[in-house]
Amino acid sequence: MVTLNIIANINNTGEVMDIVDSELDRNDFPVDLRPEILIAVEEAFVNIASYAYKPEEDGYVELSVDVDEKAVIRFTDWGEPFNPLEGNAPDLNVPIMEREIGGLGIHFIKNLMDEANYEYSGGNNILTITKNMTKKDREI
């Protein structure tokens with residue numbers, strides 16, 4: 001398992017994605033599933049970097065990546081309590097130029113990952129996303 005504390009700034013998105021990708025590679029996670037994980041990681045981190053803290057605050061995100069039979073990525077922040085998974089799904093039938101802004105990133109996370117869970121505990125927002133390694137596991 002790898003754990004990293006990083007400033008919640010969208011400029012650090014590439015570093016976060018590199019760490020996750022490196023851990024997936026080190027643990028021989030199937031290459032065909034990595035893009036889905038990386039999209040979800042990018043969306044989660046950018047969401048936290050953009051909304052968890054006040055603009056004048058330097059907030060942090062603790063990222064942990066645990067890869068075994070599945071990839072479990074946990075984002076912990078100390079920002080305002082917010083459950084991103086509770087938002088309404090965007091209406092994908094509405095033409096793109098007529099859609100309300102927001103919600104698409106969380107839609108990606110919910111649909112690309114096998115599990116997405118949020119909890120607020122001890123003053124922390126904790127978002128955990130999971131992708132199973134094998135197709136059999138993904139169908140359960």
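1. The second largest pocket of this predicted model has a lining of 15 residues. Those that lie nearest the centre of the pocket are Ile-48, Asp-77, Phe-82, Pro-84 and Asn-125. The space in this pocket comes to about 160 Å³.

2. Several elements contribute to the lining. At least two residues each are supplied by helix H2 (34–51), strand S3 (70–77), helix H3 (104–112) and strand S5 (124–132). H2 gives the largest share, which is four residues.

3. Sorted by class, the residues of the lining are eleven nonpolar, two polar and two charged.

4. Asn-125 deserves a separate look. This residue belongs to strand S5 and is among the residues nearest the centre of the second largest pocket. Is Asn-125 buried or exposed? Its relative accessible area is 5%. Buried means under 20%, so Asn-125 counts as buried.

5. Which polar atoms does the side chain of Asn-125 reach? One is the backbone oxygen of Gly-79, at 3.4 Å. In addition, a polar atom of the Asn-125 side chain lies 3.0 Å from the backbone nitrogen of Phe-82. Phe-82 is itself one of the residues nearest the centre of the pocket.

6. The contacts of Asn-125, leaving out residues up to four places away in sequence, can be read in two runs of numbering. One includes Phe-75, Thr-76, Asp-77, Gly-79, Glu-80, Pro-81 and Phe-82. The other includes Tyr-118, Glu-119 and Tyr-120. Asp-77, touched by Asn-125, also appears among the residues nearest the pocket centre.

Note on methods
Residues are numbered from 1 along each chain as its sequence is written. This is a predicted model: local features need pLDDT of at least 70, side-chain atom pairs count only at pLDDT 80 or more; totals for chains, interfaces and linings use all residues. Side-chain values use heavy atoms; hydrogens and water are left out. On a 1 Å grid over the protein atoms alone, a cavity is a set of points where a 1.4 Å probe fits but cannot get out, and a pocket is an open set with protein on both sides within 12 Å along at least five of seven lines; lining residues have an atom within 4 Å of a point. Grid points are joined across faces, edges and corners, and a volume is the space filled by probe spheres set on the points. Ala, Val, Leu, Ile, Met, Phe, Trp, Tyr, Cys and Pro count as nonpolar, Asp, Glu, Lys and Arg as charged, and the others, Gly among them, as polar. Buried means under 20% relative accessible area, exposed over 50%, partly exposed in between (1.4 Å probe, protein chains only). A polar contact is a pair of N or O atoms within 3.5 Å; within protein, one must be able to donate a hydrogen and the other to accept it, and residues adjacent in sequence count only if both atoms are side-chain atoms. Contact means heavy atoms within 4.5 Å.
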